[in-house]
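Here is a report on one protein chain. Look through the sequence and the structure first, then read on.

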Amino acid sequence: MAIQWFPGHMNKAKKDVAERLRGIDVVIEMLDARLPASSANPMIAQLARRKPTLKILNKQDLADPSVTQQWLSWYRSQPGTQAIGLDAGERAPSQKLIAACRELVPNRGGLDKPLRVMICGIPNVGKSTLINTMTGRKIAKTGNMPGVTKGEQRIMLADDFELFDTPGMLWPKIEVEEGGYNLAASGAVGRNAMDEEEVVLELLKYLLQHYAAELSARYKLDDISGMQDWQVLEMIGKKRGAVLGGGRINIQKASEIVLTEFRDGLIGRLTLERPDEWAVWKKRAKELIAERAAAKQAREQEYAKRANGKRNS
Ligand code: G4P
């Protein structure tokens, strides 16, 4: 699926982040607990390579708790990495965040060595909401506007703990196809940049595989085992009265219903990827990129050969 991508913005963001990283002790990356890997920005991993990192799996209230545990263990097994689950219902998120950061860099702290951390995350991951809760006032705009860039701010979470909020970060160039669909399903990608029906069919395919019971219960569907994603979408449309003249299903309406209810957590606490699945998807994506590059190279060589042939004839 083609998602619009703006290299100009990314380059600027990359430069900004690289500059900001100097003097930073811990990089906090906020992730969406429903799609931790897809909502990560590989640029952060690349730029923050040797920096201690805290992954916050946010919106855990919407995610499958057992899969969140799998992801937390997976992140904690990575060098220099700590991970915590969080959601907007957490009363004292700053305490959790501060404790996790101090654990990562125990040698910093106290007024002479304040801990400096930077927080980043792709749009819609809940960064403004978290910062508002931690500061107790509305200093950053919240709202569902993926791609909105906000200015950097410095927030004192304790006398010796400074949090730098980076300006809005756009989603990364999407290389893992499944990741693109998951980002779109989560609402991180603006509506104009995706084909809603395609996104919903991929979502339903995954839910059929992992959360068929939740799907059946929400939409009062009888036996859906062995069914195709599009058949399920059709049944949902029928159940919800998304029907056009002549009894045809209004696929757009049915798709909107599923997407909205998924985003609001009404189908259940669902996670769209697991660490082992992600590894497989990523490997496949890499192979595909390599294949495409090889095909391109072969094509270019062929063009050059033909051009030479013409010149010599
Ligand atoms: P951002 O700064 O990272 O772009 O995200 P922001 O805080 O604006 O949050 C994006 C949306 O996600 C908001 O919903 C927000 O309420 C919701 N959200 C943030 N944290 C959590 C969480 O832990 N759990 C759940 N379930 N939702 C969360 P919205 O519909 O865009 O706006 P509104 O409902 O707040 O008006």
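How much space lies in the largest cavity? About 40 Å³. The model behind this value is predicted.

## Overall make-up

The protein chain holds 11 helices and six strands. It has 313 residues, and 46% of them count as buried. Take the contacts in the chain with a separation of 6 or more: residues 24 or more positions apart account for 70% of them.

## The cavity

One cavity reaches 30 Å³ or more. Its lining is made by Asp32, Leu35, Ser39, Ile122, Pro123, Asn124, Val125, Leu183, Ser186 and Ala188. By residue class, the lining of this largest cavity splits into six nonpolar, three polar and one charged.

Asp32 appears in that lining and also pairs with a charged partner. Its side chain meets that of Arg34 in a salt bridge, at 2.7 Å from N to O. Asp32 and Arg34 are both buried.

## The largest pocket

The largest pocket has a volume of about 1,100 Å³. It is lined by 40 residues, and the closest to its centre are Ala40, Asn41, Pro42, Ala45 and Lys282. Several elements give two or more residues to the lining. The helices are H1 (7–21), H2 (42–47), H3 (65–76), H6 (177–186) and H11 (275–312). The strands are S1 (26–32) and S2 (53–58).

What is the lining of the largest pocket made of, by residue class? It divides into 21 nonpolar, 10 polar and nine charged residues.

## Trp278 in helix H11

Trp278 sits in helix H11, an element that also contributes to the lining of the largest pocket. Is Trp278 buried or exposed? Its relative accessibility is 15%, so it counts as buried. The cut-off for buried is under 20%.

Setting aside neighbours within four places in sequence, Trp278 is in contact with Ala37, Ser38, Trp71, Val176, Gly179 and Glu273. Glu178 gives a long-range pairing by position: Trp278 and Glu178 are 100 residues apart in sequence, yet 8.7 Å apart in space, C-alpha to C-alpha.

## Helix H9 and its cover

Helix H9 spans residues 229–239, and its buried residues are Asp229, Val232, Leu233, Ile236 and Gly237. Why do they line one face of the helix? Seen down the axis of H9, they fall within an arc of 140°, so they share one face. Lys238 and Lys239, on the other side of H9, are exposed.

Which elements cover the buried residues of H9? The cover includes helix H7 (196–210), helix H8 (212–219) and helix H10 (251–263). Just after H9, Gly241 takes a positive phi of about 75°.

## Helix H7

H7 is part of the cover over the buried residues of H9. Glu196 lies in H7. At 13% relative accessibility, Glu196 counts as buried. Leaving out residues up to four places away in sequence, Glu196 touches Arg191, Ser255, Glu256 and Leu259.

H7 also carries a salt bridge. The side chains of Lys205 and Glu202 meet at 3.3 Å, N to O. Both residues lie in H7, three residues apart, which is about one turn of the helix. Lys205 is partly exposed at 43% relative accessibility. Glu202 is partly exposed too, at 27%.

## Other salt bridges

How many salt bridges are there? The count comes to 16. Among them is the pair Glu90 and Lys96, with side chains meeting at 3.7 Å, N to O. Glu90 has a relative accessibility of 25%, so it counts as partly exposed. Lys96 has a relative accessible area of 32% and is also partly exposed. By contrast, both partners of the Asp32 and Arg34 bridge are buried.

Some charged residues join up further. Arg116, Arg154 and Glu162 are linked in a network of salt bridges.

Technical notes: Residues numbered from 1 in each chain as written. Predicted model: local features only at pLDDT ≥ 70, side-chain atom pairs only at ≥ 80, totals over all residues. Heavy atoms only, no water. Buried < 20%, exposed > 50% of the residue type's maximum accessible area, 1.4 Å probe, protein only. Helix = DSSP H or I, 4+ residues; strand = E, 2+ residues; numbered from the N terminus. Arc of directions from axis to C-beta. Contact = heavy atoms within 4.5 Å. Salt bridge = Lys/Arg side-chain N within 4 Å of Asp/Glu carboxyl O. 1 Å grid on protein atoms, 1.4 Å probe; cavity = no way out; pocket = protein on both sides within 12 Å on 5 of 7 lines; lining within 4 Å. Points joined across faces, edges and corners; volume = space filled by probe spheres on them. Nonpolar A, V, L, I, M, F, W, Y, C, P; charged D, E, K, R; others polar.
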